[in-house]
Amino acid sequence: MSNKPTKDSKMIAQERRQRIFEDIETSGIASVRDLAQRFEVSTITVMRDLQELEQEGLIRRVHGGAISVRGASYEPPFSARESQLSPEKHRIASKAVEMIQDGDRIILDVGTTTLEIARALKGKRNLTVLVTNLRAALELASQPAIQVIVVGGRLRAIELSRVGHLGEETLRTFQVDKAFIGVGGITLEHGLTEFNFDEAGMKRTMIERARQRIVVADHTKFGKVMLTTVASLTVVDKIITGSEVDREIVTRLQQIGVEVVLA
């Protein structure tokens, strides 16, 4: 029997690559592992598909996956990001909540993972929670034992977040125990980076006002460099990420003094 690929198998591969491309265009990012699970093929097959798409100039491969060629400033829609890696983000949020004690004052950044933290806080008591996004505020509004402070500022409609000079000045009037920061990308060389300049400014101010700075990021954020710098890794106390993260990255972060918590 011949082992040569048939016309039908070639067509199936072409259709799969088209669907992979559409996924990356919609969400802006995709991991090899998630694509392999979705299309029920091996990671090697997905890596070959991504190589083909990159050669056609349709996507750009990064460590562990691929991103849209629309550039580092392209920010995938919140709804697209929220549907990605939900189990991992839920585990990260659970680990984050374990670090929060009754009576703490915390800041929750904007983002899909920090929104999961807001959902997981239900049942906590005597907390003061500063939020910069309206989604988290609504999640916490029904919790009488949690005091919610919505930071003022210009409304950024795409994220339902508050940004700008007024938001940063409002944050500077507070001192909190812990800040939970979301980011667009993390590398050893460039530190924490973000899609949007205004969001980056808010994150820098959160870092300034917190005694403990905790970054929450799924494993696909590592190895990516977005448009604007937030801060170097020297300001980070902990990073909570999924157990899917490359262990070499974990080792290198630990070597520079960053505690990595796997969820």
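What follows is a walk through the model, from the whole chain down to single residues.

This is a predicted model. The protein chain has 263 residues, and 51% of them are buried. Its secondary structure comes to 10 helices and 15 strands. Take the contacts in the chain with a separation of 6 or more: 62% of them link residues 24 or more positions apart. The surface of the protein chain comes to about 12500 Å². Carbon and sulfur atoms supply 50% of that exposed area.

Start with two helices, H2 and H3. Helix H2 covers residues 32–39, and helix H3 covers residues 43–55. Their axes come within 9 Å and cross at roughly 110 degrees. H2 is therefore roughly perpendicular to H3, because angles of 65 to 115 degrees count that way. Which residues meet here? From H2 come Val-32, Leu-35 and Ala-36. From H3 come Thr-43, Val-46, Met-47 and Leu-50. Six of the residues in this contact are nonpolar and one is polar. None is charged.

Now look at the loop between H2 and H3, where Glu-40 is found. Glu-40 is exposed, with a relative accessible area of 73%. Its backbone deserves a look. Most residues other than glycine have a negative phi. Phi of Glu-40 is instead positive, near 55 degrees.

Stay with H3 for one more residue. Arg-48 is found in this helix. Is Arg-48 buried or exposed? Its relative accessible area is 56%, so Arg-48 counts as exposed, the cut-off being over 50%. Arg-48 and Arg-17 are 31 residues apart along the chain. Their C-alpha atoms are separated by 9.6 Å.

Move on to helix H6, residues 112–120. Thr-112 is found in this helix. With a relative accessible area of 9%, Thr-112 is buried. Its side chain has a partner. A polar contact of 2.9 Å joins the side chain of Thr-112 to that of Lys-89.

After H6 comes a loop that leads to strand S5, residues 127–131, and Asn-126 is found in this loop. Asn-126 is exposed, at a relative accessible area of 58%. Its phi is near 55 degrees, a positive value in a residue other than glycine.

The last stop is Glu-194. Where does Glu-194 sit? Its place is in strand S11, which covers residues 191–194. Glu-194 has a relative accessible area of 6%, so it counts as buried, the cut-off being under 20%. What lies 3.2 Å from a polar atom of the Glu-194 side chain? The backbone nitrogen of Gly-184 does. Gly-184 also appears among the residues that Glu-194 touches, a list that leaves out residues up to four places away in sequence. Earlier in the chain, Glu-194 touches Gly-182 and Val-183 as well. Later in the chain, its contacts include Glu-199, Ala-200 and Lys-203. Further along, Glu-194 touches Met-226, Leu-227, Thr-228 and Val-230.

Set these residues side by side. Glu-194 in strand S11 is buried, and Thr-112 in helix H6 is buried too. Arg-48 in helix H3 is exposed. The loop residues Glu-40 and Asn-126 are exposed as well.

How values were computed: Residues numbered from 1 in each chain as written. Predicted model: local features only at pLDDT ≥ 70, side-chain atom pairs only at ≥ 80, totals over all residues. Heavy atoms only, no water. Helix = DSSP H or I, 4+ residues; strand = E, 2+ residues; numbered from the N terminus. Buried < 20%, exposed > 50% of the residue type's maximum accessible area, 1.4 Å probe, protein only. Polar contact = N/O pair within 3.5 Å; in protein donor to acceptor, adjacent residues only side chain to side chain. Contact = heavy atoms within 4.5 Å. Axes fitted to C-alpha atoms, helices over the stretch in contact; angles between N-to-C directions. Parallel < 35°, antiparallel > 145°, perpendicular 65-115°, else oblique. Nonpolar A, V, L, I, M, F, W, Y, C, P; charged D, E, K, R; others polar. Areas by Shrake-Rupley, 256 points an atom, 1.4 Å probe, with all protein chains shown as cover.
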